[in-house]
Amino acid sequence: FLMNAEGNQVFTFLSRVMGSDLRVSYVGHVTFLIQTNGINILTDPVWSDIVSPVSFAGPRRVKSPGIKFVDLPPIDVVWVSHNHYDHLDLETIDLLWKKHKPRIITPLGNDSIIRKYNSDIEAEAYDWGDKVVINEQINFHIEPMQHWSARGLFDKNKALWAALNIETKSGNIYFIGDSGYGEGRYFKKAKKKF
């Protein structure tokens, strides 16, 4: 913490967290900043005030993001778990792309939604069971999860959803996004696998 001119404590972010140290900062809903091994990862980033097919109506943010967008450190990787509006915020993805040019990783079909919004954005799409090498210390494992997808009336389950296991040298980080527990089969499989 630092003190600002008014004498209030202000939280400051490390640009990078090196080695096996881990820092996870909560932004809101399921948006987290994960910092480890010199890499900054954002999960399901949402900074919009309303997440909806229309900008004037829909679920409104109740609390301000835990981190202001302008205060973000350099973002290297963005993970988008599925296409629901409260997880795939195209405005935020566009802002991140313009400011940071992160590697955007998402399950199959969500890349098309992102590129339809801005064809300059490079998004990588993967299937359940795929492994994505981020660097020598970090791998992403795209894993099945009980959920569904849709952004409109006629695209139900036309894009994939997934959980993410972030494999690091110092341990695994399991990010679910959204899920129903069901009988817990996906959770149990992930525990056994990782």
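**Notebook: strands, a helix and Gln-35**

I looked first at strands β7 (residues 103-107) and β8 (residues 123-126), which run parallel and are joined by four bridges; strands count as paired if DSSP finds at least two bridges between them. Helices (H or I, at least four residues) and strands (E, at least two) are DSSP runs, numbered from the N terminus. In this pair I found Ile-104 opposite Ala-123 of β8. Following the chain from β7, I passed through helix α2 (residues 110-117) to reach β8, a right-handed β-α-β crossover; with the strands pointing away from the viewer, the path from the first strand over the helix to the second runs clockwise.

I noted that this is a predicted model, where local features need pLDDT of at least 70 and side-chain atom pairs pLDDT 80 or more, while totals for chains, interfaces and linings use all residues. Residues are numbered from 1 along each chain as its sequence is written, and side-chain values use heavy atoms, without hydrogens and water.

Next I turned to helix α1 (residues 90-100), where the buried residues include Leu-90, Ile-93 and Trp-97; buried means under 20% relative accessible area, exposed over 50%, partly exposed in between (1.4 Å probe, protein chains only). The buried residues of α1 pack against β5 (39-43), β6 (77-79), β7 and α2, and just after α1 I saw that Lys-101 has a positive phi of about 50°.

Last, I looked up Gln-35 in strand β4 (residues 31-36), which counts as buried because its relative accessibility is 0%. Leaving out residues up to four places away in sequence, I listed the residues it touches (heavy atoms within 4.5 Å), among them Leu-14, Asp-21, Asn-40 and Pro-73.
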